[in-house]
Amino acid sequence: MNLKLFAALLAMAALSAPSTAAPQSQRPFVIDGYSFVSQEDFILAGKRCAAVHVDEDRAAEIDKFILAHRSAALKAAGGGVDTPTGTAARGGIVNVYVNVITTATGGGDVSDAQINEQINVLQAAYGGGGWSFNRVATTRTANSTWYTMSPGSTAESQAKNALRQGTADDLNIYIAGIGGGLLGWATFPWDYAARPKLDGVVVLNSSLPGGSAAPYNLGDTGTHEVGHWMGLYHTFQGGCAKNASTGGDLVSDTSAERSPAYGCPTGRDSCKSQAGLDPITNFMDYTDDACMSLFSSGQLARMESAWSAYRFGK
């Protein structure tokens, strides 16, 4: 049975079973050996994703550049002018370099089967936008310091400078036991020119399909972080201040969301003054892997635009 379907069925069974226990959101939450007061506490601690927040002014500058690049490309092709999220995505082939980092004695390694399954998860998530992921090479490096690297650390810089391969349109995934209960982080496409060696996605080894980081062990930490690498923000960025075309995640067809969701809160509506329920099934929210299932059309088009502006052929 499909892992995600199985996990979803288990979750439904747990919800339907009578219980006097505390709600899931209030129970102690343990991930990768790290304990939190609750799953909500885990989310609020910033452990679901450590991608750098892009403020509103910087986001506006980025979109201005993307729009100018896309408009120039359309004019050169004899077309008109559109918006960064206004056309259908065409996709492309993404070459992937997988960099597995273990402890000095080989602890924390992941199997080729898990890596293959992670690539399959990416393919399933992005295939609807025409994207294809081609694993070019896998390296395994034993280094206990790099194994527990954190965002912005010397260890991260050392590991990526030593291991990164390819150019701007090649995806480097770093798999390690990053620690602290953190699941992963990623760089954005507009950061590549200034810091090419730091480009890529970092994920917790136990978040790969079949890993132990339940409920985040179906591979969608990788899906989420690659979304950032392709130019997407969190669905809840900007909260309820999002309007039809600007602010928030700068994608018009994802509903406004006051704060990150966790678990799988069907029917959640945190911005009642805005149309639509919270996009809890979107890969760029913070819900459990079994709850995530889609990118919107606008997100797929935004990825295409950002890819063309910042990555393709760079």
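Colleague: How do strand 3 and strand 5 pair, and over how many bridges?

Modeller: Strand 3 (residues 92–102) and strand 5 (residues 170–176) run in the parallel sense, and six bridges connect them. Two strands are taken to pair if DSSP finds at least two bridges between them, and the elements themselves are DSSP runs, numbered from the N terminus, with helices being H or I over at least four residues and strands E over at least two. Within this pair, Tyr97 stands opposite Asn172 in strand 5.

Colleague: What kind of model is this, and which cut-offs apply?

Modeller: This is a predicted model, in which local features need pLDDT of at least 70 and side-chain atom pairs count only at pLDDT 80 or more, whereas totals for chains, interfaces and linings use all residues. Residues are numbered from 1 along each chain as its sequence is written, and side-chain values use heavy atoms, with hydrogens and water left out.

Colleague: Back to the strands, then. How many bridges join strand 3 to strand 4?

Modeller: There are 11 bridges between strand 3 and strand 4, which run parallel, and one of the bridge pairs sets Thr102 against Ala142 in strand 4. The two strands also belong, together with helix 4 (residues 112–126), to a right-handed β-α-β unit; right-handed here says that, with the strands pointing away from the viewer, the path from the first strand over the helix to the second runs clockwise.

Colleague: And what is the strand order in the whole sheet?

Modeller: The sheet is open and has five strands in the order 4-3-5-7-6, with mixed pairing. Its edges are strand 4 (131–142) and strand 6 (184–186), each of which pairs on one side only. From one strand to the next the twist averages 20°.

Colleague: Why is strand 3 described as largely enclosed?

Modeller: Of the 11 residues of strand 3, eight are buried, so the strand is largely enclosed by the rest of the structure. Buried means under 20% relative accessible area, exposed over 50% and partly exposed in between, using a 1.4 Å probe and protein chains only. For the protein chain as a whole, 49% of the 314 residues count as buried.

Colleague: Which strands does helix 7 lie across?

Modeller: Helix 7 (residues 220–229) lies across strand 3, strand 4, strand 5, strand 6 and strand 7 (201–204), and runs at about 165° to strand 7. Such angles are between N-to-C directions, from 0 to 180 degrees, of axes fitted as lines to C-alpha atoms, for helices over the stretch in contact. In helix 7, 10 of the 10 residues are buried, so the helix is largely enclosed by the rest of the structure. Just after helix 7, Gly231 takes a positive phi of about 110°.

Colleague: Pick Thr223. Which residues is it in contact with, leaving aside its neighbours within four places in sequence?

Modeller: Thr223 sits in helix 7, and its contacts beyond those neighbours are Gln118, Val121, Leu122, Ala125, Tyr126, Phe283 and Phe295, where contact means heavy atoms within 4.5 Å. Thr223 counts as buried at 0% relative accessibility. Its side chain makes a polar contact of 2.7 Å with the side chain of Asp220; a polar contact is a pair of N or O atoms within 3.5 Å, and within protein one must be able to donate a hydrogen and the other to accept it, while residues adjacent in sequence count only if both atoms are side-chain atoms.

Colleague: Different topic: how many disulfides are there?

Modeller: The count comes to two disulfides, taking a disulfide as a pair of cysteine sulfur atoms within 2.5 Å. One joins Cys240 to Cys271, S to S 2.0 Å, and is left-handed, with -90° about the S-S bond. Both Cys240 and Cys271 lie in the loop between helix 7 and helix 8 (297–311), so the pair ties together parts that are 31 residues apart in sequence.

Colleague: And what is the torsion about the S-S bond of Cys264 and Cys291?

Modeller: The sulfur atoms of Cys264 and Cys291 are 2.2 Å apart, and the torsion about their S-S bond is about 65°, so this disulfide is right-handed. Cys264 and Cys291 again lie in the loop between helix 7 and helix 8, so this pair ties together parts that are 27 residues apart in sequence.

Colleague: Buried or exposed, what about Cys291?

Modeller: Cys291 is buried, with a relative accessible area of 6%, whereas Cys264 is partly exposed at 42%. Counting bonded cysteines along the chain, the disulfides follow the pattern 1-3, 2-4.
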